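Hi,

Here's the structure I said I'd pass along. Have a look when you get a minute, and my notes are underneath.

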Amino acid sequence: MLSCKDLLEELGDYLDDDVSAALRRELEEHLADCRPCKVVADSAMQTVKIVTECRSFELPPKFTARIMARIRTGGPGRADRGGKGT
Amino acid sequence: MEPPKGSPPVDSPASNTAPVPMEAVLRSDPDTPDVKRAQAGDLAAFEALVKRHGRRVYRMLLGIAGNEADAEDGMQNAFVKAWQHLGEFHGDSKFSSWLMRIAMNEGLEILRRRRSKSRKALVEWDAEDEERFRPRSVRPWEEDPESQYSRAEMREIVEKEIMKLPAKYRVAVMLRDLEGLDTQEAAAALGLNVATLKTRLLRGRLMLREALAPYFRLKVRRVGEAGHA
């Protein structure tokens with residue numbers, strides 16, 4: 001029978017569905033009997049889902065234009081150090 | 001000649017003398033046509049590469065730097081350096097891997113600059129991972145936590161709490177869960193072995209779980225509250 005410590009060590013691979021069928025069975029047996037671990041595993045899975053689906057940290061507007069402007073003014077071999085924050 | 005500081009870790013020096021690039025890599029890299037045109041001076045082709053990879057580079061730098069201004073500066077520097085050194089790219093790896101290594105160097109440069117103000121940033125980045133993170137919050141979450149907030153509110157909550165994570169955990173979560181790189185790709189982009197990436201990713205996810213718990217865990221309703229709006 002797996003311990004809570006064992007479960008925590010395997011949790012990353014479990015969340016990524018990267019465990020063997022045998023280990024998955026053992027992990028799920030533990031989760032069925034251990035409420036705190038079940039809560040941690042379920043909410044960790046929800047955390048991954050939330051982050052994956054929220055589309056956070058989109059690019060700043062006009063980023064391509066600003067990069068291409070630096071490249072056009074600097075040209076290959078001559079870094080444009082006049083850009084924002086450089 | 002030694003490459004300029006912060007320049008891309010171009011294909012290994014030996015590859016510069018290799019007469020034939022790795023055809024298998026070139027064939028499997030969807031960026032190859034645009035890279036070849038850009039190497040011939042075609043700015044429109046390079047612009048296509050910027051559009052294709054900009055978000056991934058930005059998210060990695062935001063993960064490392066922890067603020068938008070540094071991330072955008074780092075992103076601009078990374079693409080300018082990629083353009084300047086494109087002639088040294090021989091296709092020994094995918095263009096995206098080469099570009100991410102340039103971006104990683106930019107990220108580390110941001111942390112080095114901060115070291116002059118505070119040693120904390122780079123020391124934290126280089127520190128050994130603590131042995132284990134023990135979850136504290138064990139109250140169940142709402143079954144459908146996303147239904148409690150609008151999409152914009154969810155984005156705001158996630159962005160706020162991700163940005164509070166230490167950089168090395170934040171960037172692992174951002175590359176893997178937000179940007180969708182697989183474990184090997186994320187490890188390669190950050191110059192880590194897979195085991196270290198996995199340790200940091202799990203730690204980051206569990207820390208973020210703790211931070212999100214107050215927003216999403218089951219609310220305890222007092223007797224008499226049920227039914228009220």
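Below is what I found, starting with chain A, then the contact between the chains, then one residue of chain B.

Before anything else, bear in mind that this is a predicted model.

Chain A first. Its secondary structure comes to four helices and zero strands, so to speak an α-α-α-α pattern when you read along the sequence. Of the 86 residues in chain A, 22% are buried.

Then the contact between the two chains. Chain A puts in 37 residues and chain B puts in 44. On the chain B side, the helices that each supply at least two residues are α4 (43–65), α5 (68–84), α8 (151–163), α9 (167–178) and α11 (194–216). Which of them gives the most to the side that touches chain A? That would be α5(B), with eleven residues. As for the make-up of this side of chain B, the residues split into 24 nonpolar, 16 charged and four polar.

Last, a residue you may want to click on: Met163(B), which sits in helix α8 of chain B. Is Met163(B) buried or partly exposed? It has 16 C-beta neighbours inside 10 Å, and being buried takes 20 or more while exposed means 12 or fewer, so Met163(B) counts as partly exposed. I also looked at Met163(B) together with Gly91(B): the two are 72 residues apart along the chain, and their C-alpha atoms are separated by 35 Å.

That's what I have for now.

Cheers

Note on methods
Residues numbered from 1 in each chain as written. Chains lettered and ligands numbered in written order. Predicted model: local features only at pLDDT ≥ 70, side-chain atom pairs only at ≥ 80, totals over all residues. Contact = placed C-beta atoms within 7 Å. Nonpolar A, V, L, I, M, F, W, Y, C, P; charged D, E, K, R; others polar.
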